[in-house]
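Work through the exercises below with the structure open. Try each task before you read its solution.

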Amino acid sequence: MSRRLADVAKKAGVSEATVSRVLNGKPGVSAATRDNVLTALDVLGYERPTQLRGDRARLVGLVLPELQNPIFPALAEVVSGALVQLGFTPVLCTRTAGGLSEPEYVNLLLDQQASGVIFAGGMFAEADAAHEHYHLLRRRGMPVVLVNASVADLGFPAVATDDVVAVEQAYGHLRALGHERIGLVVGPADHMPSRRKVETFERLAQAADGGEFVERTLFSLEGGQAATTRLLRRGVTGVICGSDPLALGAIKAARRQGRRVPEDVSVVGFDDSAFMSCVDPPLTTVRQPIDAMGRAVVTLLGAQIDGSQAAPEELLFEPELVVRGSTGPT
């Protein structure tokens, strides 16, 4: 007990006596100090006293699928900063090989009496994945916001980049440069943002009589390289990718076949994640408005935490085509 008091006191920046008063429900402690102590208790993983377990912790889980794609750390930075300004402590929950799964993170956050959860690029976007942990959150009344396209009927508000507009911008750009055989590299068939991109791409390709060249793969540089290699064998001269790492893999595939970018093959990414202006050649990409989306996510979550009912609607944000050196005329 004495070690726990010392740990919590140090984390909260108060005396051990103050921590003791909070844990024992004694008067003489301000509401702000009490919240700081309880948050420190939660962050350190100590169990709350029985009489305090009914209170929500000032913790918000931010559940991400990975950190290798720079877009996820960028989103985490925006969301974490906005949460801190509202007095919440963000808890980063990343799915890694051999680590905790998304359902396990949900159980942990429920045990810690978290105030809410933000999911970005999670299992909610995978039609074939298990979704019971989302239904559990609904039953518990946990405030939740999803980032990017979701499967139907989960009942949570979502903030997403408009995948239809993104593909229209990229496809229109390549057509304007004279490309007629344009390919699309996206994620697995059950991935909802990829489905939206494919539906839009097929519509545009049919209207332009340009052929439907679609390859699905894993979201990684290696996946982009393998998928683009297949497209290049089919005579594609322009490639639209569902992420910037996929696009970097596409450039690598072109070079492996002795093609020049953009002289022989043009490549368009998606995200405009960090340093895409510094690669060789600088990547043409469709920029997600991460700052605006991140602020909207926190606003939606904060409203739920304050007791407002959030409609299970999707806020669509318009992306922006950023033209750089990886695209050129045929």
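## Exercise 1: the sheet

The model is predicted. It holds an open sheet of 6 strands, paired in parallel, in the order β2-β1-β3-β4-β5-β11.

**Task.** Find which strands stand at the edges of this sheet.

**Solution.** Step 1: read the two ends of the order, β2 and β11. Step 2: count partners. β2 (89–94) and β11 (314–317) each have a single partner strand, so one side of each is left without a neighbour in the sheet. Step 3: add the twist. On average, neighbouring strands are turned by 20° against each other, direction ignored.

**Task.** Describe how β4 and β5 pair.

**Solution.** Step 1: locate β4 at residues 144–147 and β5 at residues 158–161. Step 2: the pairing is parallel, over 2 bridges. Step 3: look at L146, which stands opposite A158 in β5.

## Exercise 2: two helices

**Task.** Classify the angle between α9 and α10.

**Solution.** Step 1: find α9 (residues 221–233) and α10 (residues 244–256). Step 2: their axes come within 7 Å and cross at roughly 50°. Step 3: roughly parallel needs an angle under 35 degrees, and roughly perpendicular needs 65 to 115. Therefore α9 is oblique to α10. Step 4: the crossing is right-handed. Step 5: sort the contact residues by class. There are 8 nonpolar, 6 polar and 2 charged residues.

## Exercise 3: one residue

**Task.** Is A207 buried or exposed?

**Solution.** Step 1: find A207 in helix α8 (residues 192–208). Step 2: its relative accessible area is 73%. Step 3: exposed means over 50%, so A207 is exposed.

Notes
Residues are numbered from 1 along each chain as its sequence is written. This is a predicted model: local features need pLDDT of at least 70, side-chain atom pairs count only at pLDDT 80 or more; totals for chains, interfaces and linings use all residues. Side-chain values use heavy atoms; hydrogens and water are left out. Helices (H or I, at least four residues) and strands (E, at least two) are DSSP runs, numbered from the N terminus. Buried means under 20% relative accessible area, exposed over 50%, partly exposed in between (1.4 Å probe, protein chains only). Two strands pair if DSSP finds at least two bridges between them. Axes are lines fitted to C-alpha atoms, for helices over the stretch in contact, and angles run from 0 to 180 degrees between N-to-C directions. Angles under 35 degrees count as roughly parallel, over 145 as roughly antiparallel, 65 to 115 as roughly perpendicular and the rest as oblique. A crossing is left-handed if the near helix is turned anticlockwise from the far one by less than a right angle, and right-handed if clockwise. Ala, Val, Leu, Ile, Met, Phe, Trp, Tyr, Cys and Pro count as nonpolar, Asp, Glu, Lys and Arg as charged, and the others, Gly among them, as polar.
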